[in-house]
Amino acid sequence: MTEQIAFTETDERITLRRQVAKLAGGYGRDYFTAQARSGGKTTELWREIGRNGYLGINIPEEYGGGGGGIGDVAAVCEELAAQGCPLLMMVVSPAICGTVITRFGTEEQKRRWLPGIADGTATMAFAITEPDAGTNSHNITTTARRDAGGWVLKGRKIYISGVDEAENVLVVARAEDSRTGRLKPCLFVVPTDAAGFEFTPIPMEIVSPEQQFSVFIDDVRLPADALVGDEDAGLVQLFAGLNPERIMAASFSTGLARFALDKAVAYVKEREVFGVPIGSHQGLAHPLAMSKIEIELARLMTQKAAALYDAGDDAAAGEAANMAKYAAAEAACDAADRAVQAHGGNGITQEYGVAGLLVAARAGRIAPVSREMILNYVGMHSLGLPKSY
Ligand SMILES: Cc1cc2nc3c(=O)[nH]c(=O)nc-3n(C[C@H](O)[C@H](O)[C@H](O)COP(=O)(O)OP(=O)(O)OC[C@H]3O[C@@H](n4cnc5c(N)ncnc54)[C@H](O)[C@@H]3O)c2cc1C
């Protein structure tokens, strides 16, 4: 007998989505944009999802989490965004940092950092991007030098999200291999209040309370146990965080796309200019129907990627996570653009809050991995084409 494949989520996951949507709906887009425009933060929302166990739902129970999978935390991320509260730090703190520490941290490190990541009291940012290396993360120059039984870090990072709201940052640096003298990537947990650790906000056009920062790491001294996991397995450990990152980024985008589409649909049902709601015209209805299809396709691929990852199939999850992230970012860009168009002049006003979605959705094509690097991945790994860079 052929095995049945379930294309529906479990009752538990559906309930989780409903509960998160209800909680986030209590805050909503007006809260999110008001915080963004006044320089406020989303701390109350963050702490509330933490208290309710949603933030750390993917973190093992023995470290204060919910013992669920990446599919669960991705559902939380999507539902927040679908209520107009897309939280980038969900991608970073529980999914990237939480996964890396869970998989590679020592028992002591897991006990120290995971509970705060899970309940939102000790958020962790993630810093790999550097001004000169950009997409080519093999070229990062932040270095970690052994000194007096510990480490000294020096370098610069850029576009690092949420440093101001984080207690620690998981920093990717390069340490010298004592045998070969070559520099190898390693991961360090750096407290944001460490001496020599400075950060300044980058003015961005995204309407969000979460900001990006330039980070200056000037001879920051760290204890020996700031190094996460094995010094010789830095790349493997880093890659372990990439699939969760992409699955979460995809969920962030599908949530944002759903929010944009919901707004557009509600508007075109009400607005009349030729005696009928403008949604009666196919010129508006078809693009919105296309968005519905594109969003559902992206969600399906995201759920597939999460299911593969949670089943321990990292290789298959890698391909699916890249494809999901690509499809979700494209769906979000198109949905945001169509939502603006459907609103006419109102689409550009602050009052209707639609145009602000354009840049947020657009960022999904660039971060955490760009559209082009995903196409490079699929070209190479799925199609067997030569490496193009
Ligand atoms: C909102 C936001 C939040 C972010 N948060 C974080 C964070 O928390 N932590 C962190 O470490 N980083 C973060 N980033 C950085 C993000 O990951 C980088 O911006 C991204 O990886 C691209 O790097 P870059 O900006 O240096 O672009 P570049 O590397 O300069 O690339 C510019 C363009 O060239 C294309 N390109 C480059 N090389 C190739 C190639 N070989 N083939 C085809 N195209 C190519 C890229 O796809 C891109 O479109 C964030 C960025 C944004 C916008």
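User: What is the helix and strand content of the chain over residues 10–120, and how far apart are the end C-alpha atoms?

Analyst: In this predicted model, residues 10–120 are 70% helix and 0% strand, and the end C-alpha atoms of that span are 26 Å apart. The span itself comes from UniProt, where an unreviewed entry annotates it as "domain: Acyl-CoA dehydrogenase/oxidase N-terminal". A second annotation from an unreviewed UniProt entry, "domain: Acyl-CoA dehydrogenase/oxidase C-terminal", lists residues 234–380; that span is 78% helix and 0% strand, with its end C-alpha atoms 23 Å apart.

User: Which domains does the domain assignment give, and what makes up the contact of domain 1 with domain 2?

Analyst: The assignment gives domain 1 (11–122), domain 2 (126–233) and domain 3 (235–382). Between domain 1 and domain 2, 22 residues of the former are in contact with 17 residues of the latter. On the domain 1 side, helix 2 (28–38), helix 5 (88–104) and helix 6 (107–119) are the elements that give two or more residues, and helix 5 supplies the largest share, eight residues. By class, that side has 13 nonpolar, seven polar and two charged residues.

User: Why is the ligand said to lie between domain 2 and domain 3?

Analyst: The conclusion rests on the shell around the ligand: domain 2 (126–233) and domain 3 (235–382) both give residues to it, so the ligand lies between them. Strand 1 (124–127), strand 3 (150–161) and helix 11 (371–382) each supply at least two residues of this shell. Of the 20 residues around the ligand, G134, T135, S370, E372 and Y389 come nearest, and by class the shell has twelve nonpolar, seven polar and one charged residues.

User: Why is R338 called buried?

Analyst: The cut-off for a buried residue is 20 or more other C-beta atoms within 10 Å, and R338 has 22 C-beta neighbours inside 10 Å, so R338 counts as buried. This arginine lies in helix 9, and, leaving aside residues up to four places away in sequence, R338 touches A264, P287, L288 and S291.

User: Why do A148 and Y159 fall into opposite classes, one exposed and one buried?

Analyst: A residue is exposed at 12 or fewer neighbours and buried at 20 or more. With 8 C-beta neighbours inside 10 Å, A148 therefore counts as exposed, whereas Y159, with 20 inside 10 Å, counts as buried. A148 is found in the loop between strand 2 (143–147) and strand 3, while Y159 lies in strand 3. Each has a positive phi without being a glycine: near 45° for A148 and about 60° for Y159.

User: How do you know that the peptide bond between A367 and P368 is cis or trans, and where is P368 placed?

Analyst: The omega angle settles the matter: at about -10°, the bond joining A367 and P368 is cis. P368 has its place in the loop between helix 10 and helix 11.

User: What makes up the largest nonpolar core, and which element gives the most to it?

Analyst: The largest nonpolar core has 119 residues, and those with the most contacts inside it are V169, F188 and A324. Helix 9 (residues 314–342) gives the most to this core, with 17 residues. Not counting residues up to four places away in sequence, A324 touches R246, I247, A250, A298, M301, T302 and A305.

User: Which residues of helix 10 are buried, and what covers them?

Analyst: In helix 10 (residues 355–363), the buried residues are G356, L357, L358, A360, A361 and A363. What covers them includes helix 2, helix 7 (234–270) and helix 9.

How values were computed:
Residues numbered from 1 in each chain as written. Predicted model: local features only at pLDDT ≥ 70, side-chain atom pairs only at ≥ 80, totals over all residues. Near = placed C-beta within 6 Å. Helix = DSSP H or I, 4+ residues; strand = E, 2+ residues; numbered from the N terminus. Nonpolar A, V, L, I, M, F, W, Y, C, P; charged D, E, K, R; others polar. Domains from an automatic or database assignment. Contact = placed C-beta atoms within 7 Å. UniProt positions renumbered as here; feature names shortened; annotations may be inferred. Core = buried A, V, L, I, M, F, W, Y, C linked by C-beta atoms within 7 Å.
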